[in-house]
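Please look first at the places where the chains meet, and then follow the paragraphs below from one interface to the next.

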4 protein chains.
Amino acid sequence: MNQCKGVIITGKNTMTVSSQCPVPEEPCPTGALIRPLIWSPCTSDAHLCATGCASLPYLLGKAVGHEMCGVITKVGCEVRDFKVGQRVIVCSVMPVWRSLEAQDGMAKQHQDNMYAGVDFPDRGGSFVEEYEIRDADMNLAPIPEGVTLEQAVMVPDMMCTAFEGVSQLAPAFGSSVVVLGIGPVGLMAVRAAVLHGAGNVFAVGSRQVCFEVAKEYGATHLVDYHNEDYLQQIVKDNGGPVDGVILCGGSEKELGKGLSILKKGGTLVNMSAYFGGSPIEIDPSVWGFGYGDKTIKGVGCRGGRLWMARMAKLIACGRVAPEKLITHRYHGMEKIPQAMNLFLNRDRGLIKPVIYND
Amino acid sequence: MNQCKGVIITGKNTMTVSSQCPVPEEPCPTGALIRPLIWSPCTSDAHLCATGCASLPYLLGKAVGHEMCGVITKVGCEVRDFKVGQRVIVCSVMPVWRSLEAQDGMAKQHQDNMYAGVDFPDRGGSFVEEYEIRDADMNLAPIPEGVTLEQAVMVPDMMCTAFEGVSQLAPAFGSSVVVLGIGPVGLMAVRAAVLHGAGNVFAVGSRQVCFEVAKEYGATHLVDYHNEDYLQQIVKDNGGPVDGVILCGGSEKELGKGLSILKKGGTLVNMSAYFGGSPIEIDPSVWGFGYGDKTIKGVGCRGGRLWMARMAKLIACGRVAPEKLITHRYHGMEKIPQAMNLFLNRDRGLIKPVIYND
Amino acid sequence: MNQCKGVIITGKNTMTVSSQCPVPEEPCPTGALIRPLIWSPCTSDAHLCATGCASLPYLLGKAVGHEMCGVITKVGCEVRDFKVGQRVIVCSVMPVWRSLEAQDGMAKQHQDNMYAGVDFPDRGGSFVEEYEIRDADMNLAPIPEGVTLEQAVMVPDMMCTAFEGVSQLAPAFGSSVVVLGIGPVGLMAVRAAVLHGAGNVFAVGSRQVCFEVAKEYGATHLVDYHNEDYLQQIVKDNGGPVDGVILCGGSEKELGKGLSILKKGGTLVNMSAYFGGSPIEIDPSVWGFGYGDKTIKGVGCRGGRLWMARMAKLIACGRVAPEKLITHRYHGMEKIPQAMNLFLNRDRGLIKPVIYND
Amino acid sequence: MNQCKGVIITGKNTMTVSSQCPVPEEPCPTGALIRPLIWSPCTSDAHLCATGCASLPYLLGKAVGHEMCGVITKVGCEVRDFKVGQRVIVCSVMPVWRSLEAQDGMAKQHQDNMYAGVDFPDRGGSFVEEYEIRDADMNLAPIPEGVTLEQAVMVPDMMCTAFEGVSQLAPAFGSSVVVLGIGPVGLMAVRAAVLHGAGNVFAVGSRQVCFEVAKEYGATHLVDYHNEDYLQQIVKDNGGPVDGVILCGGSEKELGKGLSILKKGGTLVNMSAYFGGSPIEIDPSVWGFGYGDKTIKGVGCRGGRLWMARMAKLIACGRVAPEKLITHRYHGMEKIPQAMNLFLNRDRGLIKPVIYND
C-alpha cells in the first residue's frame with residue numbers, strides 16, 4: 001500500500017491535509033485508480049467535520065469527500081469499458097451490483113457506507129490525490145464531450161440525489177411541486193421537477209443567491225420562509241394543497257410542515273438526513289389522521305454508471321446547467337478545508353464550492 | 001322528510017335507538033333508498049361513541065354506522081343499473097365521482113366525511129331503518145349469487161380497506177409481509193397479502209381467537225407482541241428485515257416499530273387512524289436517517305361500486321371467506337348498542353359482530 | 001331544438017357549411033352551451049372527410065370537429081364551477097365520469113364516440129356556431145390568464161394526446177426517445193419527451209417546417225426518413241437501441257420499424273390510428289421473438305378538466321409554446337373547408353391551421 | 001477441460017447421449033460446479049431438437065437443457081454464500097448482473113443466450129453430468145427444507161417465467177384474467193393469477209389432463225378452444241371483456257384473438273416464443289384501432305437468485321404445488337431423449353416430464 005495526500009478529519013471542527021492516506025499500487029481486477037481533477041465538498045462532509053464524525057465514527061482520521069471527477073491512471077485486468085487517460089465521473093455512493101439488493105432494484109441500499117464516497121472503508125473518501133474504485137465498469141461514467149469538469153462534478157451527488165428524488169416523486173405533467181429548502185440539492189430538485197413536467201414549482205428558501213438560481217431553473221414562485229404565513233400563501237397561490245413536496249433541509253419538524261400543504265393522495269419526498277438525535281414528529285392531523293393517502297418517501301442518492309451517464313447526458317443535451325450552483329472556486333487540495341469552512345460558517349453567499357486539483 | 005328508527009350517539013359512551021332519524025320520501029334522481037338487512041359495527045363507530053363524537057362532532061345526535069347491506073326499496077329516475085328489490089352492498093365511504101379528485105385517481109379522498117358511511121351529513125350513518133344513497137350506480141354493488149349477507153357486510157370496510165392497503169403495498173411474489181395488529185382489518189390484510197402472493201406472512205397480535213383466523217387465512221407465523229423480543233424474532237425468522245409492513249392498530253409509536261423491521265427500500269402501509277391527539281414519533285435511525293428508501297403510506301378505504309364488486313367477486317370465487325371474522329350475531333336494531341359495547345368493553349373473544357335486521 | 005350553422009361532411013371529399021345543425025335552447029342540468037371562438041381541424045377530421053366517414057358512418061351529414069375553445073353562453077342548473085361569459089377549453093374526447101371505466105382509471109375509454117368531439121352523437125362535432133357539452137364541471141377547463149386562444153385550442157387534442165402518450169411512456173431522466181412522425185401530435189410528443197426529462201430525442205420526419213419546430217422544442221437529432229439507413233443511423237447516433245419509441249403516423253408496417261430500434265425492456269407508445277383495413281404486421285425478430293420485454297401501448301387521448309387544466313398550466317408557466325404548431329390562420333366558419341383541404345392536399349407547409357370565429 | 005456425458009442435438013429430430021461434453025476441472029472464481037440431481041425438458045428444448053437448432057444454430061452438437069437442480073461439487077474462491085454439498089436450483093436464464101441492463105432493471109435481457117440454460121456458449125445447456133455456472137452467488141438459489149426436487153425443478157423456467165408474466169400483468173384484486181394455452185407455463189400462470197388476487201380466471205385449452213390441474217390451481221372457468229364461439233362465451237361469462245390476457249402458446253394469430261376479448265385499458269402478456277418465421281398479425285379493430293389503451297407485453301423469464309428464492313419460498317409456504325405439473329418420471333440421463341420425444345410426439349397425457357439423475 002502506497003501513501004498519498006488527502007484531507008482528513010481529526011476531530012470536531014478540525015481537519016488537515018495528511019500525506020499518509022493509503023492507496024494501493026495496483027487496483028483490484030475490476031477496479032481502477034483515479035487521479036482527481038476536481039472536488040466539491042458537500043454539507044454532509046462539513047457535518048462530519050463539525051461533529052467529529054459522530055454519525056460515521058470510523059471515518060475519524062481518514063479522508064473525507066464523495067464528489068469528485070478525475071482521470072484514470074490504472075485499470076484492473078477485468079475492466080472492459082474504461083482505459084487509462086479517460087476522464088470520469090466517480091460515484092458518490094458505491095452500489096454493490098452483485099448483491100440481492102441489486103436484484104431487488106435497490107442496489108443503492110447495499111453498500112458499505114452510504115454518502116461518504118467510501119469504496120474501501122479502511123481508507124475513507126475521495127478528497128485524496130489518488131483514489132481506488134472497486135467496480136470501474138459499474139460505478140464510473142465517462143465525462144461526455146462538451147461537459148466541463150465543473151458540470152461533471154455536480155453529477156455524483158447533487159444531480160444523482162435530486163433527480164432520483166424527483167424521479168420517485170414522479171410529478172404529473174402540469175402538477176404542482178413545492179421544494180422546501182433550496183440549497184444545492186433543493187435547487188437541483190427545482191430543475192428536476194421542471195424537467196419532469198411540473199407546472200407550479202415553489203422554491204422555498206431565504207437567500208437571494210439561491211432564489212436567483214431557482215428562478216433560472218424554472219421555479220414559478222420564490223417563497224421566503226421568514227414570512228410567517230408562507231405555507232398558507234403557497235396553498236393560496238396554488239389554488240389548493242400541492243400535488244408533491246420535496247424536502248431538502250430543515251429540522252425534524254419540517255416534514256410535518258410539508259405534509260400540511262400536501263393534497264390528500266399526494267407524495268412527499270424527503271432528501272434530508274436526520275442526524276440530530278431528535279425524533280421526527282408528525283401531527284396526525286396533517287397526515288390525514290393516517291388515512292389520507294399521503295405518501296412519505298425517504299429517498300437516498302442513486303448511484304451507478306447508468307444513472308450518472310444519464311445525468312451527464314442531460315447536461316450534454318443542454319437540459320440542465322448545474323454549474324450555476326457553483327459560487328466558489330479554488331485551486332489545490334490545500335484549499336479544501338477553506339471551502340469546507342464556508343459551510344461551517346454558514347456563508348450566505350454559498351451554494352457550492354469546487355476545488356481544482358492544479 | 002320522513003322519520004325512521006336509528007341508532008344515535010347522545011354523548012360519551014351513550015347511545016340510544018331513536019325513532020326520529022330523517023329519511024326522504026323519495027331518493028334524489030341518481031339515488032336510491034335502501035332497507036338494511038344486516039349491519040356491522042366497527043371500531044371507529046365505537047370510538048365515536050366512546051368520545052362522544054370528538055373527532056366528528058357534527059355526528060352527535062345523529063345515526064352512526066357505515067357497514068351495511070340491504071335491499072333497494074326505491075330508485076331515482078336517473079339510476080340505470082339497479083332496481084327495487086335488489087340486494088346490495090352499500091359503500092362505507094362515499095366517493096364523489098364527479099370531482100377533480102376522481103379525475104386524479106383519488107375519488108375516495110373527495111367526500112363529505114370519511115369513514116362514517118355518511119352520504120348526507122345532516123342525517124348521519126347507516127344504522128337506520130331506511131337509508132338514502134346519492135349515487136346508486138356508482139356507490140352500490142349487487143350481492144352476487146352465492147354470497148351470504150354475513151360475507152357481504154364484510155365488504156364495505158373490512159375488505160375494501162384491507163385489500164386497498166395491500167394493493168398499495170403490492171407485495172412481490174414470495175416476499176415477506178408483517179401485519180402489526182390483527183383485529184378484523186388486520187386479519188383481512190393477512191388474507192389479502194396471501195392473495196397477493198406474499199411468502200412469509202407474520203401475524204402479530206395477542207388473542208387466540210384472532211391467531212386462529214390468521215392461520216386459516218394463510219399466515220405463516222403467529223407472533224405474540226407480549227414477547228419482549230418479538231420484533232427481533234420476526235427479523236430472525238425471516239432471515240432479515242421484511243419486505244413490507246402493514247400497520248393495523250396500536251399507538252403513535254407503532255409506526256416506528258414497523259419501520260425498525262422493514263428493509264431499506266421497503267414499504268410500510270398504515271391503516272390505523274390516529275385520533276389520540278399525540279404526535280406520531282419516528283426515531284430517524286429506524287427510517288434510514290431519512291434516506292433509506294423506506295416508504296410510508298397512510299392508506300384510506302377505497303370505495304365505489306367497482307372495488308366493492310371486485311371484493312364480492314373474490315368471495316364468490318372462494319378466494320376469501322370473510323365470514324370467519326364474525327364472532328357475534330344478533331337480531332334486531334335494538335341489539336346494536338349491545339354489539340357496540342363489545343368494543344367498548346374490549347371483549348377478548350370479539351373480532352366482528354353482525355346484527356340482522358329481523 | 002334550435003338550429004345553427006356548422007360544417008358537415010356530405011360525402012367523400014365533400015363538406016359544406018349547413019345552417020341546420022341542431023342545438024338545444026337550454027343545456028342539460030350539468031351541461032353548458034358554448035359559442036366557439038376558435039377552431040382547429042385535425043388530420044382525423046380530414047380523414048373522415050376523405051373517406052365519407054367510413055370509420056364513423058353515423059357522422060355523415062353531421063358536424064365534424066373536436067378541437068375548439070369558446071365562451072360559455074348558458075349553464076345548466078347543476079353546474080358548480082363555470083359561469084356565463086367564461087372562456088373555456090372544450091374536451092376533444094368526452095369521458096363519462098359516472099362509469100365503471102372511470103372507477104378503473106380509464107374514463108377516457110368510456111364515451112360514446114372517441115375522437116370526434118361528439119358529446120351528443122345525434123348532433124356531431126364542434127365545428128358549429130353553438131355547442132352543448134353534457135358535463136361542464138368535468139369536461140371543460142378555464143383558459144388561464146395569459147394563455148391565448150391559439151395556445152388554448154392546441155390543448156384538447158394536440159397536447160392532451162401527446163402528453164398522455166409521453167406520460168405513459170414515462171421516459172427516465174436522460175433516456176433516449178425516438179418520435180417517428182412529426183406532424184403536430186409528434187411535435188408535441190417531442191416537447192413532452194423533453195419536458196419529461198429525456199436526453200436524446202430523435203425527431204423523424206421529412207418536412208423542413210416540422211424540423212424547425214422540433215428543434216425549437218428540444219429535439220437533439222433531426223432525422224429524415226428518406227435516408228435509406230435512417231433507422232440504423234439512429235441506433236448508431238444513440239450508441240445502441242433507444243429506450244423509448246413514440247409512433248405518430250405511418251402505415252401498418254411502422255410499428256415493426258419502431259420495435260426494431262427499441263432496446264429490450266423498452267416501451268413503444270403508439271398514437272397513430274389504423275383505419276386502413278390492413279392488419280398490423282410485426283416480424284417476431286424485432287419483438288425479441290415475443291419474450292424481449294418490449295412493451296407496446298396503444299394510447300388514446302386523455303380527456304377531462306384536470307388534464308386539460310394541467311396542459312393549460314404548462315402553457316401558462318412557459319413550459320410549452322404550442323402556438324408554434326400553427327402555420328395557417330383563417331377567419332370565419334366558411335374558411336373551415338379550406339383549412340381542411342390543406343390536409344387533403346398534403347400541403348407541405350402545413351402543421352396546424354386555426355380558424356377564428358369572427 | 002474435462003469431458004462428461006450430456007444430451008446433445010445432432011440434427012433435425014435427432015439427439016444422442018455424448019460422453020464428450022466439455023467441463024472445466026475448476027470453476028471460475030465466482031463460479032461453481034454442479035452435479036445434476038434432476039432435469040426437466042421443456043417445449044423449447046424439443047423445438048430446438050425438432051428444428052436442428054434452427055433458431056440457435058451454435059447449439060448444434062452441444063448439450064441442450066435449462067431446467068435442472070443439483071448439488072454443488074466445487075465453488076470458486078470468490079463465492080460467498082454457497083458451499084460444496086448444498087442442493088441448489090440453477091437459473092434457466094443467466095443474467096449478467098454487472099451490466100448496464102442490470103442497472104436498468106433488465107438484467108434478464110443481458111445474457112449470452114436466452115432460454116437455453118447456457119452460461120458458457122461454447123459448452124451448451126445443463127443436460128450434462130457436470131455443469132459450470134459463472135456467478136454462483138447471483139444465479140443459484142438454495143432448495144429450502146421441505147421442498148422436493150420435483151418441486152424445485154419447476155422453479156427455473158415454469159415458475160420463474162409464469163410468475164414474472166403475471167407480475168407484469170399485475171391483475172387487480174378481483175379482476176378477470178384469461179390464460180390462453182394451458183401447457184405447463186400456462187398452468188403456472190393460472191396459479192400465479194389466482195395468487196395475485198384475480199377473480200375470474202379462464203383456463204383455455206383442450207386436454208383433460210391440463211383442465212384438471214387448472215381447476216386445482218383455482219381456475220374458475222375451463223374453456224375448450226374447440227368450441228367455435230369460445231371467445232364470445234368468455235366475454236359472456238365474464239360479463240364483458242376481460243381485464244387481462246395471458247398468452248402461453250398458439251400461432252401468430254393468437255395474439256389478435258387475445259386482444260379481441262381484452263377490455264380497453266387492459267393488458268395482454270405474451271409468454272409465447274415466435275420462431276415460425278411468419279409475421280404476427282393484428283387486425284387494428286381488435287386493438288382499438290391503435291388508441292384503445294390496450295397494452296401488449298412480450299415477457300421473458302426472470303432469472304437470478306432472488307426471484308428463484310422467492311418462487312421456492314412460495315412452494316415452501318404451501319402457496320403453489322408445482323409438482324402437479326409432472327406427468328412423467330424417468331431415471332437416468334439416457335431417458336432424456338425419450339422424455340423429449342413426448343413433446344415431439346405431442347403426447348396428449350403430457351404436461352411435464354422429469355428425469356432423476358440416478
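**Two interfaces of chain B**

Between chain A and chain B, about 3,000 Å² of area is buried, and carbon and sulfur atoms give 57% of this. On the side of chain A, the three residues that supply more of the buried area than any other three are A:Trp287, A:Tyr291 and A:Asp293, which account for 23% of what chain A buries against chain B. The model is a predicted one, and in it 36 residues of chain A are in contact with 36 residues of chain B.

The polar part of this interface comprises four salt bridges between chain A and chain B, and 24 residue pairs are in polar contact, counting those in which both residues have pLDDT 80 or more. In one salt bridge the side chain of A:Lys108 meets that of B:Asp293, with 3.0 Å from N to O. Among the elements of chain A that each supply at least two residues to the side touching chain B are strand S12 (262-270), strand S13 (280-282) and strand S14 (295-298). By residue class, that side of chain A divides into 16 nonpolar, 11 polar and nine charged residues.

Strand S13 of chain A also pairs with strand S13 (residues 280-282) of chain B, in the antiparallel sense and over three bridges; within this pairing, A:Ile280 has B:Ile282 as its bridge partner. How are the two copies related? Chain A can be laid on chain B by a turn of 180 degrees and a shift of 0.0 Å along the axis, with an RMSD of 0.0 Å, and the two copies are therefore related as by a two-fold rotation axis. The same surface serves both copies, since 100% of the contact residues of chain A recur in chain B.

We turn now to chain D. Its contact with chain B takes 27 residues from each of the two chains, and the area buried between them is about 1,900 Å², of which carbon and sulfur atoms give 59%. In chain D the residues that lose the most area to chain B are D:Phe173, D:Arg310 and D:Arg319, together 39% of what that side buries.

Across the interface of chain D and chain B there are two salt bridges, including one in which the side chains of D:Asp243 and B:Arg310 meet at 3.4 Å, N to O. There are also 12 residue pairs in polar contact, with both residues at pLDDT 80 or more. Helix H5 (155-169), helix H6 (184-195) and helix H10 (305-316) of chain D each supply at least two residues of the side that touches chain B, and H10(D) gives the most, with five residues.

Key
Residues are numbered from 1 along each chain as its sequence is written. Chains are lettered from A and ligands numbered from 1 in the order in which they are written. This is a predicted model: local features need pLDDT of at least 70, side-chain atom pairs count only at pLDDT 80 or more; totals for chains, interfaces and linings use all residues. Side-chain values use heavy atoms; hydrogens and water are left out. Contact means heavy atoms within 4.5 Å. Buried area is the accessible area (1.4 Å probe) that two parts lose on being put together, summed over both. A polar contact is a pair of N or O atoms within 3.5 Å; within protein, one must be able to donate a hydrogen and the other to accept it, and residues adjacent in sequence count only if both atoms are side-chain atoms. Helices (H or I, at least four residues) and strands (E, at least two) are DSSP runs, numbered from the N terminus. Ala, Val, Leu, Ile, Met, Phe, Trp, Tyr, Cys and Pro count as nonpolar, Asp, Glu, Lys and Arg as charged, and the others, Gly among them, as polar. Two strands pair if DSSP finds at least two bridges between them. Copies are superposed by least squares on the C-alpha atoms of residues with pLDDT of at least 70 in both.
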